[in-house]
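Thank you for making the time this morning. I would like to walk you through one structure, and I will go slowly for those who have not seen it before.

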Amino acid sequence: MEGSPGQISKDLERYVIKDAPPTVYYVPEFITKSEEAYLLQQVYKAPKPKWTQLLGRRLQNWGGLPHLNGMLAEKLPIWLQQYCNKISDLGVFGGKTANHVLVNEYKPGEGIMPHVDGPLYYPTVTTVSLGSHTLLDFYHSVSTAQDDLPKTEESRYFLSLLVEPRSLLVLRDEMYVQFLHGIKGVNQDIITDKVANLSASSAALGDYLTRSTRVSLTIRHVPKVLRATLRLGK
């Protein structure tokens, strides 16, 4: 699947999720099982200091540390660069190439609080999932929640996306800017009619899906990158 610079690939457009606000693309089996095994091998071959332990998950940061003043870019390893290129060729970053990857590891029962990715990135986030499924939940922001409802996480819940192993998920437009997304820290997920991409998945309504360890590759483009000369103070 390839697209012209600045344009979404026509092949990718076939995977748009119509039962969600603009714009979600969900591509099942974006990579093969052998690619999945290769990527997992590379993730766990990374030096121990590359891992950062957070509450509820651990992660690796590749490409540099995004900052308001600009990212000091670091060269991506070949095993990540090839997938940055593959996803960028779909036109999701406006003709730019992804230059930053977060590798997140979620063990069963681990998750992440609802959040937005913010303005440091091009307003598109792409995720390749390895090892296990998860449910990605979306929420209205407190400012857009209905005034007559308590501003609780439960009352602001909007919909979910089932993210399966080897899939590619692309979030753009409203789904990137206006909604918070998070993962509940549970061991098992129940598939309900709030799963917007159910028809594009291998699951069925009412299924109970047990999580195993999931590794996600969150691949993005950081527009503001500092030149090497600035890093040297010249």
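Before anything else, a word on how I use "pair": two strands pair if DSSP finds at least two bridges between them. With that in hand, and remembering throughout that this is a predicted model, we can begin with strand β6, residues 112-115, which pairs with β11 in the antiparallel sense over two bridges. One of the residue pairs here is I112, whose bridge partner in β11 is I183. Strand β8, covering residues 134-140, also pairs with β11 in the antiparallel sense, in this case over four bridges, and D137 stands opposite G182 in β11.

Now, how many residues of strand β11 are buried? The strand runs from 179 to 183, and five of its five residues are buried, so β11 is largely enclosed by the rest of the structure. In a regular strand the side chains alternate between the two faces of the sheet. In β11 both faces are covered, with F179, H181 and I183 buried on one side and L180 and G182 buried on the other.

Let me turn to the open sheet. Seven strands form it, in the order β1-β10-β7-β14-β5-β3-β2, and the pairing is antiparallel. At its edges are β1, residues 24-27, and β2, residues 51-54, each of which pairs on one side only. Neighbouring strands of this sheet are turned against each other by 20 degrees on average, if direction is ignored. Within the sheet, β7 and β14 pair in the antiparallel sense over five bridges, and there V128 has L217 of β14 as its bridge partner.

Two helices pack on this sheet. Helix α2 touches β2, β3, β5, β7 and β14, and its direction makes about 90 degrees with that of β14. Helix α3 touches β3, β5, β7, β10 and β14, and in its case the direction makes about 60 degrees with that of β14.

Staying with α3, which of its residues are buried? They are W79, L80, Y83, C84, I87 and S88. These residues cover an arc of only 160 degrees around the axis, which puts them on the same side of α3. What covers them includes helix α2, together with strands β3, β5, β7, β10 and β14.

That brings us to the nonpolar cores. The largest has 30 residues, and of these V101 and L217 touch the most other members. The elements giving two or more residues to this core are β1, α2, α3, β5, β7, β10 and β14, and α3 gives the most, with five residues. Leaving aside neighbours within four places in sequence, L217 is in contact with L39, V43, L80, V101, L102, V103, T126, T127, V128 and L130. There is also a second, separate core of 22 residues, which includes I17, M71, Y121 and V222.

Two of those names, M71 and V222, come back when we look at N99, a residue in the loop between α3 and β5. Is N99 buried or exposed? The cut-off for buried is under 20% relative accessible area, and N99, at 17% relative accessibility, therefore counts as buried. Apart from neighbours within four places in sequence, N99 is in contact with W62, G63, M71, L76, R220, H221, V222 and V225.

Finally, some details of the backbone. Most residues other than glycine have a negative phi, and most peptide bonds are trans. Against that background, a cis peptide bond joins P22 and T23, with omega about -10 degrees, and T23 is found in the loop between α1 and β1. R166, in the loop between β9 and β10, has a phi near 75 degrees, a positive value in a residue other than glycine, and at 12% relative accessibility R166 counts as buried. D173, found in helix α5, likewise has a positive phi, of about 55 degrees, although it is not a glycine. As for its surroundings, D173 is partly exposed, with a relative accessible area of 40%.

I will stop there and take questions.

Note on methods. Residues numbered from 1 in each chain as written. Predicted model: local features only at pLDDT ≥ 70, side-chain atom pairs only at ≥ 80, totals over all residues. Heavy atoms only, no water. Buried < 20%, exposed > 50% of the residue type's maximum accessible area, 1.4 Å probe, protein only. Contact = heavy atoms within 4.5 Å. Arc of directions from axis to C-beta. Axes fitted to C-alpha atoms, helices over the stretch in contact; angles between N-to-C directions. Core = buried A, V, L, I, M, F, W, Y, C linked by side-chain atoms within 4.5 Å.
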